[in-house]
Amino acid sequence: MKNIDIIYRNESGIAFYWKTSKQGTLKAQVIFRDMGFYFTLDQLKKFAYLSEETLVHQTCKDCPAPRDCRSLLLKTPLNDVDLAVSRQEVYEIQDLLDQTILRMEMQAFMQTALN
């Protein structure tokens with residue numbers, strides 16, 4: 001953990017900066033379940049939008065366990081990668097993404113304000 005700066009952590013995952021990453025590039029490593037993504041701020045915003053779209057447009061009307069069934073297909077900013085997730089996991093991923101975006105935007109603002 002000494003090679004990272006944690007941005008945000010919740011029950012489902014963690015977002016952090018690699019201390020070894022280039023200073024000019026603002027990218028975050030986001031890990032949930034057994035997957036990790038290394039995204040720019042714009043990619044994180046797109047991912048957050050796609051998670052909202054998943055909840056709005058995909059429903060499983062006859063599912064006996066709609067919050068836990070991994071029947072939702074969550075698109076990612078990577079065109080070739082989609083994830084099978086539950087509704088509860090989408091909520092947790094949304095929290096992880098939203099808080100990461102907020103903190104990255106605050107950091108970008110502070111860097112701009114201090115320069």
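Mentor: Welcome! One term before we start: contact means heavy atoms within 4.5 Å. Keep in mind, too, that this is a predicted model.

Trainee: Thanks! What covers the buried residues of helix 1?

Mentor: Start with helix 1 itself, residues 41-57, which lies across strand 3 and strand 4. Its buried residues include Leu 41, Leu 44, Phe 47 and Leu 55. Their cover includes strand 3, strand 4, strand 5 (72-75), strand 6 (82-85) and helix 2 (87-114).

Trainee: At about what angle does helix 1 run to strand 4?

Mentor: Helix 1 crosses both strand 3 and strand 4. Taken against strand 4, the direction of helix 1 is at about 120 degrees.

Trainee: What order do the four strands of the open sheet have?

Mentor: The pairing in this sheet is antiparallel. For example, strand 2 (residues 13-18) and strand 3 (residues 27-32) pair in that sense over four bridges. Along the sheet, the strands have the order 1-2-3-4.

Trainee: Which strands stand at the edges of that sheet?

Mentor: Look for strands with a single partner, because one side of such a strand is left without a neighbour in the sheet. That description fits strand 1 (4-9) and strand 4 (35-40).

Trainee: Which residue of strand 3 stands opposite Phe 16?

Mentor: Strand 2 spans residues 13-18 and pairs with strand 3. Across from Phe 16, strand 3 places Gln 29.

Trainee: Which residues have the most contacts inside the largest nonpolar core?

Mentor: This core has 24 residues, and helix 2 gives the largest share, six residues. Leu 44 also has contacts with residues over four places away in sequence, among them Ala 28, Phe 39, Leu 97 and Met 104. The residues with the most contacts inside the core are Phe 32 and Leu 44.

Trainee: Is Glu 89 buried or exposed?

Mentor: Glu 89 is part of helix 2. Not counting residues up to four places away in sequence, Glu 89 touches Arg 33, Arg 70 and Ala 84. The cut-off is a relative accessible area under 20%; Glu 89 has 13%, so this residue is buried.

Trainee: How many Å separate a polar atom of the Glu 89 side chain from the backbone nitrogen of Ser 86?

Mentor: Two atoms are involved: one is a polar atom in the side chain of Glu 89, and the other is the backbone nitrogen of Ser 86. The distance between them is 2.8 Å.

Notes. Residues numbered from 1 in each chain as written. Predicted model: local features only at pLDDT ≥ 70, side-chain atom pairs only at ≥ 80, totals over all residues. Heavy atoms only, no water. Pairing = 2+ DSSP bridges. Helix = DSSP H or I, 4+ residues; strand = E, 2+ residues; numbered from the N terminus. Axes fitted to C-alpha atoms, helices over the stretch in contact; angles between N-to-C directions. Buried < 20%, exposed > 50% of the residue type's maximum accessible area, 1.4 Å probe, protein only. Core = buried A, V, L, I, M, F, W, Y, C linked by side-chain atoms within 4.5 Å. Polar contact = N/O pair within 3.5 Å; in protein donor to acceptor, adjacent residues only side chain to side chain.
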